[in-house]
Amino acid sequence: MAALRRSSSRLKLLTERLGEWRRLQRRNIYKKKWASSRPRVPSTQLALQNMDMNYSLQFGDLWPSIRLSLLCEQKYAALLNGFGDVDKVIHEMERQQALDFVYEARRKSECQGPVCTSHADPQLEAMQDLPPNLQTPESYSEPSVFSSNTDQELPSILEMKQSLPISPNLKCFTFPRGGITRFKPARADGLRLLEYYLMDAASLLPVLALDVQPGHTVLDLCAAPGGKCLALLQTECCRQLAVNDISSSRLSRLRKILHSYVPKNVRTEDKLRITAFDGRHWGELERNTFDRVLVDVPCTTDRHSVLEEDNNIFSRLRLRERQRLPLLQTQLLVPRGDG
């Protein structure tokens, strides 16, 4: 009996060691396979190296601070939904000590002399002047086109000329520079519309520079995900707004945003038209139709590229897509035919 017990114990010990050996071998094989398929340089690191090489030449001494801001957590602004209870939301924003930087820009443009500069938001003073080609033209016989690309240097809305009016209906709040407060997710009001839309404050600059006047027809050529489209509707100046995007998934997201922020009576076909055409051929479809055209061309989305590996355009799988971006941007900005 004793010999039988010893044999049973040895067999049990051998079984445990065999199981442990198998687990060890399987773990090693998995690690080896995972390591061999892992890219040598992460896409985020590749994106940062590319930006260091290019942007350091463009921005010079300013690049280190811009680089730091790209690597920091994004700080959103809150675009108020003018179709809801605006006064209630403004009161809540002021209670949180948030500032309406669009109002500050409008007040700044109306001021004369240096007396008003002391009240400007320092976060906006760090931005630079609008290029001369974005100033208000003397006549509107030809459509005005503004291209927005977050890869480019941000213009300053506080230094806009007085001849470039800002719609009083646009209200966008930010927290003061240096603050770490973040806006809470928007809630639905009594009309079941969300109170505000969180967006990058720089995304509002193209809408301001477009200078939409009452009765204008406007085309947003690359509209998804919908922040600029929503801002254009907030101006209440568009007689008709056409929003277009070739991506069906992005267009689906745009529809959801419009449904969450815009009343049903504004989402009618005669006021808001949604299409999914290839923007490069828009001039072949409609000619001399719009008073204003907003073109936010696809880009490398710098902040996403340096922070997230998921769907990163600097990944090896999207190399050809990234190489074709300059041509695609040119084709969208210079469409075939007279758009």
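This passage describes the fold, the sheets, the core and a few backbone details of a predicted model of one protein chain.

The overall make-up comes first. The protein chain contains 13 helices and nine strands. Of its 339 residues, 40% count as buried. The chain exposes about 20800 Å², and carbon and sulfur atoms supply 53% of that area. Contacts also reach across the sequence: among those between residues at least 6 apart, 77% join residues at least 24 apart.

One part of the fold is an open sheet of four strands, in the order β2-β4-β1-β5, with antiparallel pairing. Its edge strands are β2 (99-100) and β5, each of which pairs on one side only. Within this sheet, two bridges join β1 to strand β4 (residues 172-174), and the two run antiparallel. Here leucine 79 stands opposite cysteine 172 in β4. Leucine 79 is worth keeping in mind, as this residue returns in the description of the core.

A parallel arrangement is found with β7 and β8. Strand β7 (residues 238-244) is joined to strand β8 (residues 272-275) by four bridges, and the two strands run parallel. Alanine 242, for example, has arginine 273 in β8 as its bridge partner. Between the two strands the chain passes through helix α9 (residues 248-261), and the resulting β-α-β crossover is right-handed.

Strands β6 and β9 also pair in the parallel sense, over three bridges. In this pairing, aspartate 220 stands opposite leucine 294 in β9. The C-alpha atoms of leucine 294 and leucine 219 are separated by 6.2 Å, although the two residues are 75 apart along the chain. Leucine 294 has a relative accessibility of 0% and therefore counts as buried. The same holds for its neighbours in the strand: β9 (residues 292-295) is covered on both faces, with Arg292 and Leu294 buried on one side and Val293 and Val295 buried on the other. In a regular strand, side chains alternate between the two faces of the sheet.

What does threonine 217 touch beyond its neighbours within four places in sequence? This residue is found in strand β6 (residues 216-220). Its contacts are with Arg239, Gln240, Thr289, Phe290, Asp291 and Arg292. One of these partners, threonine 289, offers its backbone oxygen, which the side chain of threonine 217 reaches at 3.2 Å. Threonine 217 counts as buried because its relative accessibility is 6%, under the 20% cut-off.

The largest nonpolar core holds 39 residues, of which Leu79, Leu170, Leu204, Leu232, Leu241 and Val262 touch the most other members. Two or more residues each are given to this core by β1 (77-80), α5 (101-110), β5 (196-199), α7 (205-210), α8 (227-234), β7 and α9. Both helices and strands thus appear among the contributors. Valine 262 can serve as an example of the surroundings of a core residue. Leaving aside its neighbours within four places in sequence, valine 262 is in contact with Phe83, Leu193, Leu230, Leu233 and Arg267.

Three places in the backbone deserve a closer look. Most residues other than glycine have a negative phi, and most peptide bonds are trans. Against that background, a cis peptide bond joins alanine 224 and proline 225, with omega at about 5°. Proline 225 has its place in the loop between β6 and α8.

The other two places concern phi. Threonine 301, in the loop between β9 and α11 (302-307), has a phi near 45°, a positive value in a residue other than glycine. Asparagine 311 likewise has a positive phi, of about 55°, although it is not a glycine. This asparagine is found in the loop between α11 and α12 (319-323).

Are these two loop residues buried or exposed? Threonine 301 is partly exposed, because its relative accessible area is 37%. Asparagine 311, at 55% relative accessibility, counts as exposed, since the cut-off for that label is over 50%.

Definitions and conventions. Residues are numbered from 1 along each chain as its sequence is written. This is a predicted model: local features need pLDDT of at least 70, side-chain atom pairs count only at pLDDT 80 or more; totals for chains, interfaces and linings use all residues. Side-chain values use heavy atoms; hydrogens and water are left out. Two strands pair if DSSP finds at least two bridges between them. A crossover is right-handed if, with the strands pointing away from the viewer, the path from the first strand over the helix to the second runs clockwise. Buried means under 20% relative accessible area, exposed over 50%, partly exposed in between (1.4 Å probe, protein chains only). Contact means heavy atoms within 4.5 Å. Accessible areas come from the Shrake-Rupley method with a 1.4 Å probe; for residues, only the protein chains shown count as cover. A polar contact is a pair of N or O atoms within 3.5 Å; within protein, one must be able to donate a hydrogen and the other to accept it, and residues adjacent in sequence count only if both atoms are side-chain atoms. A nonpolar core is a set of buried Ala, Val, Leu, Ile, Met, Phe, Trp, Tyr and Cys residues joined through side-chain atoms within 4.5 Å.
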